[in-house]
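I sat down with this model and took notes as I clicked through it. Here are the entries, in the order I made them.

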Amino acid sequence: MFGLALLCLVSLIPQDPVPGIDRALARDRAARVRDVEYDLRFQLGAGEQHVRGSVWLRFQLDRDRAPGAPLVLDFAGDELTEVRVNGRETALRAVANHVLLPADLLQPGANDVHARFRSPVAPTGTPLTVYRDPADGREYCYTLVVPADAHRLYPCFDQPDLRARFRVELDLPPEWVAVANTPRIATRAEGRPAANGTLWQFDQTRPLPTYLMAFACGPFEVVDTGPVQAPGVDPTQPLRLFVRGSQLRHLDRERLATMHKQGLRWLAQRFGVDYPFGKLDVVLLPGFPYGGMEHAGAIFYRETALLFDHPPTASELVRRSTLVYHELSHQWFGNLVTMRWFDDLWLKEGFATFVAHQALAELEPEQRSWLRFLQRVKPRAYEVDATPGTTPVFQELQNLADAKSAYGAIVYNKAPAVLRQLHEQLGAEVFRQGLKRFLETHAFGAADWRDLARALEAAARTDLGRWSERWLLAPSMPQVRIEWRRADDGTVAEAAVVQRALGGDGTWPLDLELLVFAADGTRRTLSVSGDAERLPIDALAGGPAPAAVLLNPRDVAYGQFVPDPTSRAWFAQHLPDEPDPLVRAVAAQALFEAVREAELDPAVFVDLALRLLAGERDAETHGWLLDALGTCVRRYLDPARAATAGATTTALLLRQLRDEAGSGRELGTFRFLARASAAPDVLALCRAVVDGDALPQGLVPGKQDCFLAAAALLAAGQGRDDVERLQQRFANEDVGKDVFLARAATPTADAKADYWRQYLQLDTPPEQWTQDSLAWFHWPGQQELTLPYLQPALERVDWVKQNRRIFFMPAWLDAFVNAHSTPAALAIVDAFAAKAELSTDVRQKLLQSRDGLERAVRVRSTFSERK
């Protein structure tokens with residue numbers, strides 16, 4: 001029966017493949033092809049717009065699976081020539097982003113394909129990217145092919161479950177150095193001259209999916225930090241840091257080396273599985289579009305994510321640590337075991353985020369990892385999961401052309417949150433044993449969520465079917481409340497935890513704690529479990545009425561937890577007196593959810609946030625509260641109340657800058673003020689930053705902060721020459737991105753039109769510049785200038801999806817939609833959504849962004865009418 005089903009599947013695959021990498025094609029190839037190897041040679045030099053190369057592809061073919069059928073190879077580069085299949089020259093027929101290997105040239109068993117190729121190289125939009133340093137003109141090249149762009153560089157089977165061994169050779173200028181997944185084995189091969197001067201050969205990799213093969217090259221400085229001393233790491237291979245020479249002075253060599261080495265040792269011990277790839281290099285890249293990319297044996301990072309030209313803020317340090325531990329975790333989750341298809345993207349991203357916070361908790365306990373998890377990870381998941389555009393954690397995906405849309409808050413934020421919940425439910429040791437079983441069973445192979453569930457079920461000796469059904473396979477989340485009724489004698493007549501689906505239907509299995517605050521100041525913890533819509537709280541019934549009840553006080557569970565009216569009022573009054581920072585944060589988050597549900601006046605939350613800020617000594621929590629307060633002032637309050645609240649906030653923050661030196665909050669406070677306020681004292685502070693004058697003690701701005709100050713002055717109609725003056729001040733540094741961002745805040749129609757034109761060109765500037773500039777283009781207070789671009793931005797969303805990398809399309813929609821909070825903007829979005837023919841994934845992203853705008857309109861309308 002299995003064989004018949006497979007033959008039926010193959011027979012349904014059209015001879016001419018569709019664009020992208022379709023799942024039917026991928027399944028057919030996975031059934032027919034195995035033992036894949038690539039020998040790749042690339043020729044690169046400075047100033048070139050193309051890379052030339054050659055490929056020798058070898059694989060085993062099972063012809064019994066589809067006798068007489070051609071084999072589809074993926075390629076979307078510029079040129080494919082000198083093709084030989086099993087020694088016979090041929091011209092391959094191209095179909096969309098594929099070429100067809102003729103059936104009559106293939107044979108059962110071993111096959112090989114030789115070819116030469118040419119593919120584009122550009123600052124943006126290509127799988128091989130070049131960064132040209134504006135300060136000195138030097139060039140740095142790197143590959144980035146996730147999720148399925150390898151075939152835009154060289155011909156391959158571009159799907160995650162067809163792992164292959166790679167040998168890479170790079171023909172480079174003599175002044176360049178290179179790094180790849182494996183160690184270099186020679187400088188020049190006999191009989192293989194290097195046209196550009198130096199041939200870099202790298203050892204063959206272990207089996208990898210195509211998206212993990214990587215190299216970078218250019219005039220890097222290479223910093224040897226010594227041996228790693230972690231299980232699985234070759235003792236002869238040091239941890240090396242590749243960095244531009246101009247950035248060496250900002251390199252915290254000891255700290256970066258310690259984080260990576262300790263992280264590898266901790267992860268190998270935690271999983272009980274050795275590091276799989278022998279060596280690890282760290283490559284710091286200018287213009288890199290993501291925080292990091294976990295290429296096996298060679299992690300690529302955005303340069304500014306790990307290097308600071310100023311004393312880093314608490315937020316920057318936490319972000320750096322969690323990023324490093326996230327990318328290290330991928331060496332096991334994603335690299336050692338790869339998801340079979342990108343609908344299981346959460347298997348690598350969700351685990352990497354969760355495990356990163358476990359590592360942070362143990363390796364840097366002073367960072368309060370699980371408080372940061374609440375503040376940095378879960379809020380974005382709640383924002384998206386409460387929208388009509390949310391998706392399950394496991395996202396059905398037919399074609400890898402749509403894989404970019406799988407990336408987002410559900411994978412990166414919800415998935416780790418529900419994994420933490422499961423970890424608590426099963427227990428740390430059972431969970432660890434299940435992961436070890438999963439990693440060992442599927443090492444150097446592919447797996448899906450069912451494989452993980454089986455491994456955890458075996459370790460826990462329990463059935464996770466219901467958990468998987470609701471937390472992985474169902475969209476949305478439960479909105480959870482406590483309902484209780486006071487009897488005439490002041491006791492609790494009845495009480496229950498009630499859940500409802502914010503989207504779709506059904507209920508979720510809950511293991512929930514409740515923290516009950518009594519009127520006399522005592523407190524106790526209760527627990528409820530089950531997946532019914534209404535769960536009685538028997539321990540409350542008949543007892544004294546509580547002053548307040550806090551759901552999920554340790555922040556273990558996942559859901560939207562909205563406080564009841566009695567608790568809401570009590571927390572709004574008493575929360576600043578709460579000594580436990582995690583309880584304080586959980587309650588503040590719950591109150592903010594009540595604002596988003598239009599149940600609590602945002603002015604009440606602003607008043608509470610100001611009182612909390614006045615006494616908050618934790619810099620990260622201070623910044624988190626500022627973000628929530630800023631959302632209320634900017635989006636939820638009507639203009640008159642927003643002006644009053646903004647002035648009060650500005651006065652408090654300026655007073656803290658003046659009177660509380662050494663708090664560690666100075667730079668974060670300045671960055672908030674520069675964007676949130678145009679008060680004279682704030683603009684004077686920005687002027688001092690630009691001019692290099694005396695500043696409040698503890699405020700030490702970096703180069704980017706100077707350009708932020710210049711942008712604030714520019715947006716306020718002051719200092720038109722400040723950006724140019726800063727260019728002269730930093731004449732010997734790479735300030736191209738900083739200049740591009742600052743000028744995006746220019747408050748004129750001509751400036752916005754110029755930036756809009758640049759957003760629609762692909763060759764320059766680097767994509768990271770464009771994405772990061774969207775917030776500056778939509779500078780606060782410039783809504784009238786940017787509203788005319790909302791409709792055109794929506795109309796370009798399919799173009800953006802096709803031409804930009806992962807994360808860009810949702811960032812585009814969020815920037816253009818949620819820069820506004822008015823009924824007029826909502827009407828534009830709704831009219832477009834009603835008429836546009838959008839793919840399911842694009843419509844879901846649009847609905848996610850629309851939700852923030854709709855809530856802003858609804859909250860503002862609700863409480864403007866009540867005041």
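Which residue just after α3 takes a positive phi? I found glycine 272 there, with a phi of about 70 degrees.

**Confidence**

I reminded myself that this is a predicted model. I looked up the pLDDT: the chain averages 95, and 97% of the residues score at least 70. Residues 1-14 are where I would not read much, as their pLDDT is below 50. Beyond near neighbours in sequence, that stretch has 10 contacts in the model.

**Helix α3**

I went back to α3, which runs over residues 253-271 and has 19 residues. From its first C-alpha to its last I get 27 Å, close to the 27 Å expected at 1.5 Å a residue. I then listed its buried residues, among them Leu256, Met259, His260, Gly263, Leu267 and Phe271. Lys261 is on that buried list too, and so is Trp266.

Ahead of α3, I stopped at glutamine 247, in the loop between β17 (238-243) and α3. At 15% relative accessibility it counts as buried, because the cut-off is under 20%. Its side chain makes a polar contact of 3.3 Å with the side chain of serine 246. Leaving out residues up to four places away in sequence, glutamine 247 touches Glu303 and Leu307.

**Helix α13**

What span should the 16 residues of α13 have at 1.5 Å a residue? The answer is 22 Å, and the end C-alpha atoms of α13 (residues 581-596) are 22 Å apart, so the two agree. I noted that 15 of its 16 residues are buried, so I call α13 mostly covered. At its start, a side-chain oxygen of aspartate 580 comes to within 2.9 Å of the backbone nitrogen of leucine 582. Just after α13, alanine 598 has a positive phi of about 60 degrees.

**Aromatic pairs**

I counted ring pairs next and got 52 aromatic pairs. I picked out tyrosine 38 and tyrosine 154: their ring centres are 5.9 Å apart and their planes are at 75 degrees, so the pair is edge-to-face. Tyrosine 38 is in strand β1 (residues 33-43), while tyrosine 154 is in the loop between β10 (139-143) and β11 (164-172). That puts them 116 residues apart, so I wrote this one down as a link between distant parts of the chain. Both tyrosine 38 and tyrosine 154 are buried.

My other pick was phenylalanine 740 with tyrosine 755. Why is this pair called tilted? The centres are 4.9 Å apart and the planes are at 40 degrees, which is neither under 30 nor over 60. Phenylalanine 740 is in helix α21 (residues 736-743) and tyrosine 755 in helix α22 (residues 749-759), 15 residues apart. At 8% relative accessibility phenylalanine 740 is buried, and tyrosine 755 is buried at 5%.

**Charges over rings**

I found arginine 184 over the face of tryptophan 200, at 3.4 Å from the ring centre. I also found the charged end of lysine 752 over the ring of phenylalanine 777, 4.9 Å from its centre.

**Glutamine 395**

Is glutamine 395 buried or exposed? I have it as buried, at 12% relative accessibility. It is in the loop between α7 (369-385) and α8 (409-426). Its side chain reaches the backbone oxygen of alanine 406 at 3.3 Å. Not counting residues up to four places away in sequence, glutamine 395 touches Asp343, Ser405, Ala406, Ile410 and Val411.

**Backbone oddments**

I noted a cis peptide bond from valine 146 to proline 147, with omega near 0 degrees. Proline 147 is in the loop between β10 and β11. I noted another cis bond from threonine 764 to proline 765, with omega near -5 degrees. Proline 765 is in the loop between α22 and α23 (767-777).

I also wrote down phenylalanine 444, a residue other than glycine with a positive phi, near 55 degrees. It is in the loop between α9 (428-441) and β22 (445-447). Aspartate 555 is not a glycine but has a positive phi of about 60 degrees. I located aspartate 555 in the loop between β28 (548-551) and β29 (560-561), and it is buried, with a relative accessible area of 5%.

Terms used: Residues are numbered from 1 along each chain as its sequence is written. This is a predicted model: local features need pLDDT of at least 70, side-chain atom pairs count only at pLDDT 80 or more; totals for chains, interfaces and linings use all residues. Side-chain values use heavy atoms; hydrogens and water are left out. Rings of Phe, Tyr and Trp (its six-membered ring) pair if their centres lie within 6.5 Å; planes under 30 degrees apart count as stacked, over 60 as edge-to-face and the rest as tilted. Helices (H or I, at least four residues) and strands (E, at least two) are DSSP runs, numbered from the N terminus. Buried means under 20% relative accessible area, exposed over 50%, partly exposed in between (1.4 Å probe, protein chains only). A charge sits over a ring if NZ of Lys or CZ of Arg is within 6 Å of the ring centre and within 35 degrees of the ring normal. The expected span of a helix is 1.5 Å times one less than its number of residues. pLDDT is the predictor's confidence in each residue, from 0 to 100. Contact means heavy atoms within 4.5 Å. A polar contact is a pair of N or O atoms within 3.5 Å; within protein, one must be able to donate a hydrogen and the other to accept it, and residues adjacent in sequence count only if both atoms are side-chain atoms.
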